[in-house]
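Reader: I'm new to this one and would like a close look at a single part, the sheet. Could you walk me through how it is put together and what surrounds it?

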Amino acid sequence: MAFSSELIEEINLLLQFDLSSGQSGIKVHSDAAPSSVAAAARLFEKGLIDQIDGGYLTALGRETAQHAQGALRILNSAVPA
């Protein structure tokens, strides 16, 4: 099973959240790339963010974003030769 372009867009949006503070949200403006607007709507429908255009992470969204950031950190780390 591969990541679809829609899932990658959702992950990229989740990676924009600052997890060091629960008071930090994001806003996806209506003039943003259509793929970003659609990704925010899908994350809202899945219960990962609290507003259709961004807002704050839900508890499930925060957990998902933590996993996404952890995976990105591991995949970007240098592999010993």
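Author: Let's start with the chain as a whole. From the N terminus on, the elements run α-β-α-β-β-α, so to speak a list with three helices and three strands in it. Keep in mind that this is a predicted model.

Now to the sheet itself. It's an open one made of three strands, and the order across it is β1-β3-β2, with antiparallel pairing. That puts β1 (26-27) and β2 (49-51) at the edges, each pairing on one side only.

Take the β1 side to begin with. β1 and β3, which covers residues 54-57, run antiparallel and are joined by two bridges. If you want a spot to click on, try K27: its bridge partner in β3 is G54.

Now hop over to the other edge. β2 and β3 also pair in the antiparallel sense, over two bridges. These two strands form a hairpin, with two residues between them. Here the residue to look for is Q51, which stands opposite G54 in β3. So G54 turns up on both sides of the story: it is the bridge partner of K27, and it faces Q51 as well.

What lies around the sheet? A good way in is I49, in β2 (49-51). Leaving out residues up to four places away in sequence, I49 touches F17, A40, L43, F44, G54, Y56, L57 and T58. Among these, G54, Y56 and L57 fall within the 54-57 stretch of β3, while A40, L43 and F44 fall within α2 (34-45).

I49 also has a place in the largest nonpolar core, a group of 13 residues. The ones with the most contacts inside that core are L13, L43, I49 and L57. Helices α1 (5-14) and α2 each supply at least two residues of this core, and α2 gives the most, with three.

Stepping back to the whole protein, buried residues make up 26% of its 81 residues. Of the contacts with a separation of 6 or more, 54% are between residues 24 or more positions apart. The C-alpha atoms fill a box of roughly 45 × 30 × 20 Å along the principal axes. On the outside, the protein exposes about 5500 Å², and carbon and sulfur atoms supply 59% of that. As for charge, there are 5 positive and 9 negative side chains, and the centres of the two sets lie 5 Å apart.

How values were computed: Residues are numbered from 1 along each chain as its sequence is written. This is a predicted model: local features need pLDDT of at least 70, side-chain atom pairs count only at pLDDT 80 or more; totals for chains, interfaces and linings use all residues. Side-chain values use heavy atoms; hydrogens and water are left out. Helices (H or I, at least four residues) and strands (E, at least two) are DSSP runs, numbered from the N terminus. Buried means under 20% relative accessible area, exposed over 50%, partly exposed in between (1.4 Å probe, protein chains only). Contact means heavy atoms within 4.5 Å. Accessible areas come from the Shrake-Rupley method with a 1.4 Å probe; for residues, only the protein chains shown count as cover. Lys and Arg count as positive and Asp and Glu as negative; His and the chain ends are not counted. The place of a charge is taken as NZ of Lys, CZ of Arg, CG of Asp or CD of Glu. Two strands pair if DSSP finds at least two bridges between them. A nonpolar core is a set of buried Ala, Val, Leu, Ile, Met, Phe, Trp, Tyr and Cys residues joined through side-chain atoms within 4.5 Å.
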